[in-house]
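Work through the exercises below with the structure open. Try each task before reading its solution.

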Amino acid sequence: YLSFWLVQNPSFAYTKFVNNNLKYLITSNSIFVFADSLLIPIYAIFITEIGGGIEMAGILFGLKFLANTLAQIVLTKLKEKNSFSVLLLKLNYFIRGSAWLSLVFVQSIPLLIAVQILVGISEGIGTPSFQTLISDHLDNNKHLKDWTLLGIITNLSIAVASVLSGFIIAGLGFQFLFLIMAFFSYLALIVFHYHKQVLKPIVAS
């Protein structure tokens, strides 16, 4: 993977300054973002194929962000722990992969609404958890470089996925695309899960 090479290759401008925890966080996230970005450019086409209109695309995105917001409101009431953020991020990867896998069988708008709400809840717990873990593991006095590296690799993942999505749909169809998305989400979970040191925040010296 390009993302894995970028965080491991010592010749890349920023990687020699990035700690090992960040490498695994960024790698797992870039794999996940790649999966998520495969659907975004052509999501409205899928909605029309199962009987919805262009208006429904806007409604579904609105529902997703409403569910996202409600999940984040609940998070503000919970006690903050690093290990809890780890658990929520793993849960996000698993739920999102399962939601995308379920799209293989979705052939009606009501079912798509249910999946979209589930995705919104997952995003609502996953995004703050990921941001918390990134903040906990930033290199001392190198925050700008760390956040810039994250932005570079995230944008590359989005760009590659956006370009590929149309070709995948044209050649193999939506069902195959959903399988790919689920696979990469579960792969992100595996990469993140097997890096145990991510439980230990950096302590400033």
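**Exercise 1. The charged network**

Task: Find which side chains pair within the network of salt bridges that links Asp-36, Lys-64, Arg-96 and Glu-123.

Solution:
- Step 1. Note that this is a predicted model. Apply the cut-off: a side-chain nitrogen of Lys or Arg within 4 Å of a carboxyl oxygen of Asp or Glu. The count comes to three salt bridges.
- Step 2. Start with Asp-36 and Arg-96, whose side chains meet at 3.9 Å, N to O. Asp-36 is in helix α2 and Arg-96 is in helix α5, so this pair ties together parts 60 residues apart in sequence.
- Step 3. Move on to Glu-123 and Arg-96, a salt bridge at 3.9 Å, N to O. Here helix α6 holds Glu-123 and helix α5 holds Arg-96, 27 residues apart.
- Step 4. Finish with Glu-123 and Lys-64, which meet at 3.4 Å, N to O. Glu-123 belongs to helix α6 and Lys-64 to helix α4, so the pair joins parts that are 59 residues apart in sequence.

**Exercise 2. Burial in the network**

Task: Decide whether Arg-96 is buried or exposed.

Solution:
- Step 1. Take the cut-off: buried means under 20% relative accessible area.
- Step 2. Arg-96 has a relative accessible area of 2%, so Arg-96 is buried.
- Step 3. Check the partners: Glu-123 and Lys-64 are both buried too.

**Exercise 3. The nonpolar core**

Task: Which element gives the largest share of the largest nonpolar core?

Solution:
- Step 1. Size the core: it has 49 residues. Leu-103, Leu-112 and Leu-177 have the most contacts inside it.
- Step 2. List the elements that give two or more residues: α2, α3 (43-49), α4, α5, α6, α7 and α8 (174-193).
- Step 3. Pick the main contributor: α8, with 11 residues.
- Step 4. Inspect Leu-112. Beyond its neighbours within four places in sequence, Leu-112 contacts Tyr-43, Phe-46, Ile-47, Ile-50, Leu-60, Leu-103 and Val-106.

**Exercise 4. Two pockets**

Task: Describe the linings of the largest pocket and the second largest pocket.

Solution:
- Step 1. The largest pocket has a volume of about 330 Å³. Its lining has 15 residues, with Asn-29, Phe-32, Val-33, Thr-127 and Phe-130 nearest the centre.
- Step 2. α6 gives the most to this lining, five residues. By class, the lining of the largest pocket holds six nonpolar, six polar and three charged residues.
- Step 3. The second largest pocket holds about 220 Å³ of space. Of its 13 lining residues, Leu-75, Glu-80, Ser-85, Pro-128 and Thr-132 lie nearest the centre.
- Step 4. α4 (54-75), α5 and α6 each supply at least two residues of this second lining. Its residues divide into five nonpolar, five polar and three charged.

Terms used: Residues are numbered from 1 along each chain as its sequence is written. This is a predicted model: local features need pLDDT of at least 70, side-chain atom pairs count only at pLDDT 80 or more; totals for chains, interfaces and linings use all residues. Side-chain values use heavy atoms; hydrogens and water are left out. On a 1 Å grid over the protein atoms alone, a cavity is a set of points where a 1.4 Å probe fits but cannot get out, and a pocket is an open set with protein on both sides within 12 Å along at least five of seven lines; lining residues have an atom within 4 Å of a point. Grid points are joined across faces, edges and corners, and a volume is the space filled by probe spheres set on the points. Helices (H or I, at least four residues) and strands (E, at least two) are DSSP runs, numbered from the N terminus. Ala, Val, Leu, Ile, Met, Phe, Trp, Tyr, Cys and Pro count as nonpolar, Asp, Glu, Lys and Arg as charged, and the others, Gly among them, as polar. A nonpolar core is a set of buried Ala, Val, Leu, Ile, Met, Phe, Trp, Tyr and Cys residues joined through side-chain atoms within 4.5 Å. Buried means under 20% relative accessible area, exposed over 50%, partly exposed in between (1.4 Å probe, protein chains only). Contact means heavy atoms within 4.5 Å.
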